[in-house]
Every structure is written in structure tokens, then in C-alpha cells.
Amino acid sequence: MKRVIVIGGANVDIKGRARGSYVAGTSNPGEVTVSAGGVGRNIAENLGRLGIEVSLVTALGEDGNGQLVRQACAASGVDLSMAVKAEAPTGSYLAVLDAAGELVSAINDMRAMDALTSHHLETCSNQLAKADMLVADCNLSALSLDWLCRFSAHRGVRLLIEPVSVPKAMKLLSFALAAPVFAITPNAQQLAALGGPDDVKALEKLHHIGFANVVLHRGSAGAWVSDGAVVQKIPPVPVDSIADVTGAGDAAVAGLVCGLLDGRSLAQSARLGQCAAAIKLSSVQSVASGLSRDRLFRLAGIT
């Protein structure tokens with residue numbers, strides 16, 4: 001069985017969805033849910049549901065939210081043996097969704113991630129080196145991201161970086177890549193912040209910075225994949241009704257990684273990512289409980 005180690009954020013998602021038309025500046029009737037979330041954790045659970053052995057290196061507080069995350073990881077087969085205990089509260093993500101399930105606004109509190117240092121990653125070096133792939137999100141500090149980029153190049157382990165958000169993506173510009181990083185998965189906003197407003201030129205800039213492959217997630221417009229020589233457009237997978245957008249990008253990353261570990265091309269793997277995102281969009285859960293390898297490959301039409 002292939003093994004992936006995800007290094008990144010874990011938190012509790014608190015999501016409020018308006019029942020009718022959302023009105024800013026006032027209280028809106030709706031539903032509020034609380035569940036385990038976090039970019040790194042979501043990616044890890046998705047990978048586990050796809051039959052991949054997965055460990056999560058993250059930081060969790062000794063509080064009720066931390067216990068909720070630990071229980072969710074245990075239930076989904078995500079190993080937490082390399083996680084670090086944080087003095088700060090376990091991370092939280094507060095999101096407001098409109099009646100269509102689209103994000104209106106959000107606030108995240110990831111202070112606990114300060115406890116996940118490059119020194120801690122060094123203590124995990126032997127296990128990190130044995131992974132088939134490393135996936136890191138930009139909830140990590142710039143120092144930890146720099147360490148992982150150098151480590152993956154030195155040990156010959158493929159590293160994929162998920163930028164998470166525009167402010168967090170900017171950490172990637174604070175240090176130079178001494179060797180190419182296997183892949184990065186920005187959305188359109190993050191790509192513009194990292195490389196400028198012209199998509200094609202921005203892709204070229206990311207390759208110039210040192211990312212060998214770029215998978216650009218464009219929401220309802222699908223994805224673009226670039227290996228530095230050719231840019232291919234991957235169409236979106238139709239969804240009858242969007243239940244909740246939270247976690248769709250995380251599912252897309254997991255589907256992409258699943259395809260790459262299966263030996264598929266970058267384009268085919270991105271197609272699997274789009275299918276995983278579609279399955280997630282039809283679910284109110286941050287990670288769709290109905291996701292499986294068989295369902296994913298069947299939806300993608302890949303045998």
C-alpha cells in the first residue's frame with residue numbers, strides 16, 4: 001500500500017449556512033454545524049477513504065476541539081503518531097455560507113500551528129523519507145516550508161504544496177527554492193498573488209521559482225495543469241446541486257495525489273481531483289463519507 005504523509009493544519013470547522021437569501025450586517029436564520037476540518041486533515045482523511053495509508057503531522061491543543069479532531073482521525077484511519085501537542089487552543093475555522101452553499105466569509109484561528117516547527121520535522125526525518133509522497137499546506141511556517149522543500153529534494157521524495165489562502169501562500173516567496181519542488185496546487189486568487197494577474201505568465205513564474213508542476217484549481221471552470229512545457233485544461237465535473245463548498249479543494253488535492261500514486265499522468269490525476277471535488281460538493285460534510293477509490297475512478301471513467 002502506498003503511504004502519504006500530510007504536514008499541515010487540523011482544526012474544527014464551525015459552519016453557518018443561511019436558510020434564505022443572505023443579508024450582510026444582521027443575523028440570518030440557518031443551520032450551524034461543528035465537525036473536524038483543516039486543510040491538511042481533510043486531505044489526509046480523503047486519502048484514507050481512497051485506500052491510501054496516511055499519516056498527519058499537525059499540532060493539536062489539549063482541549064475539547066483537539067479531542068474531537070483526534071477522534072475523527074482515529075475513525076478515518078489517519079495516523080497521528082507524529083503530531084505535536086500545542087499550548088494554544090486547537091485550530092478553528094468559522095465560515096458563513098449562503099443558501100447555495102457558497103462561502104460568504106470566514107475566519108481561521110491557527111495559532112496552534114506555531115508549535116509545529118522545523119525542529120519537530122527533523123525528528124520525523126526517517127519516516128518522512130520513507131513516504132511515497134509528502135503533502136504540505138501553507139498553514140506551516142515559512143521556516144518549516146523551507147525545511148520541507150530542502151528535505152524532499154535531498155531525500156528524493158515528491159513534495160506537493162497546497163497554498164491554502166492568499167496570505168498563507170505568500171510565505172512561499174520568502175525563501176528561495178534550491179531545487180525543484182514536485183508540484184503546487186493554487187487556485188486562481190493564489191496564483192495571481194504568487195505570479196501576477198495573467199494566468200499563463202503566472203504559471204511560467206511558478207515554474208521559474210522552482211515548481212516542476214502546477215495544477216491550477218479554477219472552481220466551477222475545472223483545472224489547468226502545467227508541466228512547464230504544455231498547459232492542459234481539465235473540464236469540471238457537473239454537480240446537480242451544491243451542498244457545501246467547504247473542503248472541495250482539499251478533495252481535489254487528494255484525488256490528484258491518488259492518481260499520481262497510481263502512476264497516472266498529471267492530466268489524468270487532475271481529472272481524478274475534479275471528480276473527488278464533485279463528490280465532495282454534493283455532500284454537506286467537509287470530507288464526503290461516500291468517497292471511495294472505486295467511485296472516484298468510475299466517475300472519472302478511468303480503469
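1. A salt bridge, as the term is used in this note, is a side-chain nitrogen of Lys or Arg within 4 Å of a carboxyl oxygen of Asp or Glu. The side chains of D146 and R150 satisfy this criterion, with an N to O distance of 3.4 Å. The model under review is predicted, and every value below is computed from it.

2. The D146 and R150 pair is local in character. Both residues belong to helix α5, which spans residues 142-155, and because they are four residues apart, about one helical turn separates them. Their surroundings may be stated separately: D146 counts as buried, at 18% relative accessibility, whereas R150 is partly exposed, with a relative accessible area of 44%. The value for D146 leads to this class because buried means under 20% relative accessible area.

3. A search of the whole structure finds eleven salt bridges. One of them joins E31 to R19, with the closest N and O atoms 3.0 Å apart. This pair links distant parts of the chain, since E31 lies in strand β3 (residues 30-37) and R19 in the loop between β2 and β3, twelve residues apart. R19 counts as exposed, at 55% relative accessibility, while E31 is partly exposed, with a relative accessible area of 39%.

4. A further salt bridge is formed by the side chains of D262 and R293, at 3.0 Å from N to O. Here too, distant parts of the chain are linked: D262 is in the loop between α9 and α10, and R293 is in helix α11 (residues 293-300), 31 residues apart. D262 is partly exposed, with a relative accessible area of 30%, and R293 also counts as partly exposed, at 33% relative accessibility. In addition, R41, E45 and R49 are joined into one network by salt bridges that share partners.

5. Which residues touch the most other members of the largest nonpolar core? They are V4, V6, L47, V135 and V257, out of the 48 residues in that core. For V135, when its neighbours within four places in sequence are left aside, the contacts are V4, I5, V6, I7, I43, L160, V253 and V257. Another core, of 42 residues, lies apart from the largest one and includes L140, L159, V181 and I184.

6. The largest pocket has a volume of about 1,400 Å³. It is lined by 44 residues, of which N187, V245, G247, A248 and G249 are the closest to its centre. By class, the residues of this lining divide into 20 nonpolar, 18 polar and six charged.

7. Several elements contribute to the lining of the largest pocket. At least two residues each come from the strands β2 (11-18) and β8 (103-109), and likewise from the helices α1 (39-49), α6, α7 (188-195), α9 (248-261) and α10 (266-281).

8. One point of backbone geometry deserves attention. Phi of V164 is near 80°, a positive value in a residue other than glycine. Where does V164 lie? The residue is found in the loop between β10 (159-162) and α6 (166-169). V164 is partly exposed, with a relative accessible area of 22%. This value falls outside the buried class because buried means under 20% relative accessible area.

Terms used
Residues are numbered from 1 along each chain as its sequence is written. This is a predicted model: local features need pLDDT of at least 70, side-chain atom pairs count only at pLDDT 80 or more; totals for chains, interfaces and linings use all residues. Side-chain values use heavy atoms; hydrogens and water are left out. A nonpolar core is a set of buried Ala, Val, Leu, Ile, Met, Phe, Trp, Tyr and Cys residues joined through side-chain atoms within 4.5 Å. Buried means under 20% relative accessible area, exposed over 50%, partly exposed in between (1.4 Å probe, protein chains only). Contact means heavy atoms within 4.5 Å. On a 1 Å grid over the protein atoms alone, a cavity is a set of points where a 1.4 Å probe fits but cannot get out, and a pocket is an open set with protein on both sides within 12 Å along at least five of seven lines; lining residues have an atom within 4 Å of a point. Grid points are joined across faces, edges and corners, and a volume is the space filled by probe spheres set on the points. Ala, Val, Leu, Ile, Met, Phe, Trp, Tyr, Cys and Pro count as nonpolar, Asp, Glu, Lys and Arg as charged, and the others, Gly among them, as polar.
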